[in-house]
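Colleague: Could you take a close look at one part of this model for me, the surroundings of the ligand and the packing behind them? Please give the cut-offs as you go.

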Amino acid sequence: MIKVAEWSHELFLQRDFHDKILIDMTCGSGRDTLFLAGIANKVYAFDIQVEAIEMTRSLLEQNNVTNVTLINSDHQFVSDHVKKPIAGAIYNLGYLPGGSKEIRTESDSTINSLKKLLELLEIEGIVVLVVYQKHTGNESMRLLHFVERLPSRHFDVMKYSVLNKELAPYIIKITKTA
Ligand SMILES: C[S@@+](CC[C@H](N)C(=O)[O-])C[C@H]1O[C@@H](n2cnc3c(N)ncnc32)[C@H](O)[C@@H]1O
(Lines give C-alpha, C1' and ligand atoms only; values in the text may rest on other atoms or scores of the structure.)
Protein backbone atom coordinates (compact mmCIF):
# COMPACT_ATOMS: atom_id res chain seq x y z
CA MET A 1 0.00 0.00 0.00
CA ILE A 2 1.35 3.41 -0.97
CA LYS A 3 2.62 5.58 1.91
CA VAL A 4 1.23 8.98 1.03
CA ALA A 5 3.50 10.95 3.39
CA GLU A 6 6.59 9.41 1.78
CA TRP A 7 5.19 9.87 -1.69
CA SER A 8 4.73 13.59 -1.00
CA HIS A 9 8.53 13.87 -1.05
CA GLU A 10 8.58 12.73 -4.68
CA LEU A 11 6.89 16.00 -5.63
CA PHE A 12 9.94 17.90 -4.37
CA LEU A 13 12.34 15.72 -6.34
CA GLN A 14 10.98 16.99 -9.64
CA ARG A 15 12.90 20.29 -9.18
CA ASP A 16 16.29 21.51 -7.99
CA PHE A 17 16.03 23.34 -4.63
CA HIS A 18 19.71 23.26 -3.64
CA ASP A 19 20.03 27.06 -3.48
CA LYS A 20 16.49 27.66 -2.24
CA ILE A 21 14.56 28.18 1.00
CA LEU A 22 11.92 25.60 1.96
CA ILE A 23 9.51 25.49 4.92
CA ASP A 24 8.08 22.63 6.93
CA MET A 25 4.85 24.10 8.34
CA THR A 26 4.21 21.15 10.73
CA CYS A 27 7.52 19.54 11.67
CA GLY A 28 6.12 16.96 14.14
CA SER A 29 8.69 14.21 14.57
CA GLY A 30 10.98 15.82 11.99
CA ARG A 31 10.93 13.36 9.09
CA ASP A 32 9.76 15.91 6.53
CA THR A 33 12.19 18.52 7.90
CA LEU A 34 15.09 16.08 7.56
CA PHE A 35 14.08 15.36 3.97
CA LEU A 36 13.77 19.06 3.05
CA ALA A 37 17.13 19.86 4.71
CA GLY A 38 18.76 17.35 2.37
CA ILE A 39 17.55 19.06 -0.81
CA ALA A 40 17.52 22.79 0.12
CA ASN A 41 19.98 25.49 1.09
CA LYS A 42 17.92 26.58 4.10
CA VAL A 43 14.84 25.21 5.88
CA TYR A 44 12.50 26.82 8.42
CA ALA A 45 10.43 24.33 10.41
CA PHE A 46 7.39 25.28 12.50
CA ASP A 47 5.46 23.43 15.16
CA ILE A 48 3.12 24.66 17.85
CA GLN A 49 4.34 21.99 20.31
CA VAL A 50 7.69 22.15 22.13
CA GLU A 51 7.70 18.34 22.17
CA ALA A 52 7.67 18.25 18.36
CA ILE A 53 10.39 20.89 18.09
CA GLU A 54 12.61 18.86 20.45
CA MET A 55 11.95 15.62 18.55
CA THR A 56 12.89 17.35 15.30
CA ARG A 57 15.98 18.93 16.88
CA SER A 58 17.15 15.52 18.07
CA LEU A 59 16.59 13.89 14.64
CA LEU A 60 18.50 16.70 12.92
CA GLU A 61 21.39 16.45 15.38
CA GLN A 62 21.62 12.68 14.89
CA ASN A 63 21.96 13.34 11.16
CA ASN A 64 24.42 16.28 11.54
CA VAL A 65 21.99 18.67 9.84
CA THR A 66 22.82 22.36 10.37
CA ASN A 67 20.74 24.28 7.79
CA VAL A 68 17.42 24.28 9.69
CA THR A 69 15.90 26.99 11.90
CA LEU A 70 13.29 25.52 14.25
CA ILE A 71 10.42 27.80 15.23
CA ASN A 72 8.10 26.91 18.11
CA SER A 73 5.12 28.90 16.88
CA ASP A 74 1.74 28.62 15.26
CA HIS A 75 2.44 28.57 11.53
CA GLN A 76 -0.10 31.40 11.06
CA PHE A 77 2.82 33.67 12.02
CA VAL A 78 5.05 32.39 9.23
CA SER A 79 5.65 35.83 7.73
CA ASP A 80 6.86 37.20 11.11
CA HIS A 81 9.73 34.71 10.95
CA VAL A 82 10.47 34.23 7.25
CA LYS A 83 11.15 37.45 5.37
CA LYS A 84 12.60 36.11 2.10
CA PRO A 85 10.84 34.50 -0.86
CA ILE A 86 10.53 30.75 -0.54
CA ALA A 87 10.58 28.04 -3.21
CA GLY A 88 8.39 25.50 -1.44
CA ALA A 89 6.68 24.27 1.69
CA ILE A 90 5.10 21.13 3.09
CA TYR A 91 2.25 20.55 5.53
CA ASN A 92 1.50 17.20 7.10
CA LEU A 93 -1.86 17.89 8.72
CA GLY A 94 -3.35 16.35 11.85
CA TYR A 95 -1.76 15.51 15.18
CA LEU A 96 1.69 14.45 16.32
CA PRO A 97 1.87 10.64 16.11
CA GLY A 98 2.18 9.36 19.69
CA GLY A 99 1.27 12.81 21.08
CA SER A 100 -1.98 14.44 22.18
CA LYS A 101 -4.76 14.13 19.59
CA GLU A 102 -6.23 17.35 21.02
CA ILE A 103 -3.37 19.41 19.60
CA ARG A 104 -3.91 19.23 15.90
CA THR A 105 -4.05 21.41 12.84
CA GLU A 106 -7.34 23.33 12.49
CA SER A 107 -8.98 24.67 9.36
CA ASP A 108 -8.85 28.39 10.28
CA SER A 109 -5.15 28.43 11.14
CA THR A 110 -4.22 26.14 8.25
CA ILE A 111 -6.00 28.35 5.72
CA ASN A 112 -4.70 31.60 7.27
CA SER A 113 -1.16 30.28 7.19
CA LEU A 114 -1.58 29.07 3.62
CA LYS A 115 -2.69 32.55 2.52
CA LYS A 116 0.49 34.03 4.02
CA LEU A 117 2.65 31.29 2.54
CA LEU A 118 1.28 31.84 -0.98
CA GLU A 119 2.39 35.49 -0.72
CA LEU A 120 5.93 34.40 0.21
CA LEU A 121 6.05 31.78 -2.56
CA GLU A 122 8.24 32.45 -5.62
CA ILE A 123 6.93 31.88 -9.14
CA GLU A 124 7.26 28.12 -9.84
CA GLY A 125 7.29 27.50 -6.09
CA ILE A 126 5.22 24.64 -4.68
CA VAL A 127 3.19 23.96 -1.56
CA VAL A 128 2.44 20.32 -0.79
CA LEU A 129 -0.20 19.37 1.80
CA VAL A 130 -0.70 15.82 3.08
CA VAL A 131 -4.31 15.57 4.25
CA TYR A 132 -5.61 12.73 6.44
CA GLN A 133 -9.32 13.09 5.77
CA LYS A 134 -10.16 10.37 8.31
CA HIS A 135 -8.73 12.50 11.14
CA THR A 136 -9.36 15.97 9.73
CA GLY A 137 -12.85 15.78 8.16
CA ASN A 138 -13.95 19.41 8.52
CA GLU A 139 -10.45 20.74 7.93
CA SER A 140 -10.14 18.62 4.81
CA MET A 141 -13.45 19.93 3.39
CA ARG A 142 -12.67 23.57 4.13
CA LEU A 143 -9.18 23.27 2.75
CA LEU A 144 -10.46 21.79 -0.52
CA HIS A 145 -13.04 24.56 -0.72
CA PHE A 146 -10.26 27.15 -0.33
CA VAL A 147 -7.74 25.67 -2.79
CA GLU A 148 -10.36 24.95 -5.47
CA ARG A 149 -11.01 28.70 -5.57
CA LEU A 150 -7.42 29.88 -5.97
CA PRO A 151 -7.25 31.88 -9.23
CA SER A 152 -6.08 29.67 -12.10
CA ARG A 153 -4.18 32.57 -13.68
CA HIS A 154 -1.79 32.47 -10.69
CA PHE A 155 -1.89 28.89 -9.40
CA ASP A 156 -2.12 25.29 -10.60
CA VAL A 157 -3.80 23.13 -7.97
CA MET A 158 -3.55 19.33 -8.16
CA LYS A 159 -5.03 16.62 -5.95
CA TYR A 160 -3.39 13.20 -5.76
CA SER A 161 -5.56 10.51 -4.21
CA VAL A 162 -5.78 6.75 -3.78
CA LEU A 163 -8.92 5.65 -5.64
CA ASN A 164 -9.38 2.18 -4.19
CA LYS A 165 -9.29 2.93 -0.45
CA GLU A 166 -12.06 4.78 1.36
CA LEU A 167 -10.97 7.93 3.23
CA ALA A 168 -7.32 7.35 2.31
CA PRO A 169 -5.00 10.32 2.89
CA TYR A 170 -4.45 12.49 -0.15
CA ILE A 171 -2.07 15.17 -1.34
CA ILE A 172 -2.72 18.68 -2.60
CA LYS A 173 0.02 20.36 -4.63
CA ILE A 174 -0.20 24.09 -5.36
CA THR A 175 2.22 25.58 -7.91
CA LYS A 176 2.50 29.35 -8.27
CA THR A 177 2.55 30.06 -12.00
CA ALA A 178 2.37 33.85 -12.22
C1 LIG B 1 0.95 14.98 11.48
S2 LIG B 1 2.03 15.91 12.48
C3 LIG B 1 3.38 16.31 11.41
C4 LIG B 1 4.28 15.16 11.03
C5 LIG B 1 5.65 15.57 10.60
N6 LIG B 1 5.70 16.43 9.44
C7 LIG B 1 6.63 14.43 10.49
O8 LIG B 1 7.37 14.37 9.49
O9 LIG B 1 6.67 13.64 11.42
C10 LIG B 1 1.21 17.47 12.63
C11 LIG B 1 1.93 18.49 13.47
O12 LIG B 1 1.30 19.76 13.30
C13 LIG B 1 1.48 20.49 14.50
N14 LIG B 1 0.56 21.63 14.51
C15 LIG B 1 -0.78 21.62 14.77
N16 LIG B 1 -1.28 22.86 14.65
C17 LIG B 1 -0.25 23.67 14.31
C18 LIG B 1 -0.15 25.07 14.04
N19 LIG B 1 -1.21 25.86 14.08
N20 LIG B 1 1.08 25.56 13.73
C21 LIG B 1 2.16 24.75 13.68
N22 LIG B 1 2.12 23.43 13.93
C23 LIG B 1 0.93 22.88 14.23
C24 LIG B 1 1.23 19.46 15.57
O25 LIG B 1 1.79 19.87 16.79
C26 LIG B 1 1.90 18.19 14.96
O27 LIG B 1 3.21 18.02 15.45
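Modeller: What follows begins with the whole chain, goes on to the ligand shell and the core, and ends with some single residues.

This is a predicted model, in which local features need pLDDT of at least 70 and side-chain atom pairs count only at pLDDT 80 or more, while totals for chains, interfaces and linings use all residues. Residues are numbered from 1 along each chain as its sequence is written.

The chain has six helices and seven strands, where helices (H or I, at least four residues) and strands (E, at least two) are DSSP runs numbered from the N terminus. Read from the N terminus, the order is α-β-α-β-α-β-α-β-α-β-α-β-β. The radius of gyration, taken over C-alpha atoms, is compared with a globule rule of 2.2 Å times the number of residues to the power 0.38; for 178 residues a compact globule would have a value near 16 Å, and the chain, with 15 Å, agrees. Along the principal axes, the C-alpha atoms fill a box of roughly 40 × 40 × 30 Å. Of the contacts in the chain with a separation of 6 or more, 68% are between residues 24 or more positions apart, a contact being a pair of C-beta atoms, placed from the backbone, within 7 Å.

Turning to the ligand, 22 residues surround it, and the closest are Thr 26, Gly 28, Arg 31, Asn 92 and Leu 96; a residue counts here if its C-beta atom, placed from the backbone, lies within 6 Å of the molecule. Helix H2 (31-39) and strand E2 (42-47) are the elements that give two or more residues to this shell. By class, the shell holds seven nonpolar, ten polar and five charged residues, with Ala, Val, Leu, Ile, Met, Phe, Trp, Tyr, Cys and Pro counted as nonpolar, Asp, Glu, Lys and Arg as charged, and the others, Gly among them, as polar.

H2 also has a buried side, with Asp 32, Thr 33, Leu 34, Leu 36 and Ala 37 as its buried residues; buried means 20 or more other C-beta atoms within 10 Å of the residue's own, exposed 12 or fewer, and partly exposed in between, with C-beta atoms placed from the backbone. These residues of H2 pack against strand E1 (21-24), E2, helix H3 (50-62), strand E3 (68-72) and strand E4 (86-92). Leaving aside neighbours within four places in sequence, Val 43 is in contact with Leu 22, Ile 23, Asp 24, Thr 33, Leu 36, Ala 37, Asn 67 and Val 68.

Val 43 is also one of the residues that touch the most other members of the largest nonpolar core, which has 47 residues, the others being Leu 22, Ile 23, Ile 86, Val 127 and Leu 129. Such a core is a set of buried Ala, Val, Leu, Ile, Met, Phe, Trp, Tyr and Cys residues joined through C-beta atoms within 7 Å. Strand E5 (residues 121-131) gives the most to this core, with seven residues.

Two residues that are not glycines have a positive phi of about 55°: Asn 64 and Leu 167. Asn 64 lies in the loop between H3 and E3 and counts as exposed because it has 6 C-beta neighbours inside 10 Å. Leu 167, in the loop between E6 and strand E7 (170-176), also counts as exposed, with 12 such neighbours inside 10 Å.

Technical notes
Contact = placed C-beta atoms within 7 Å.
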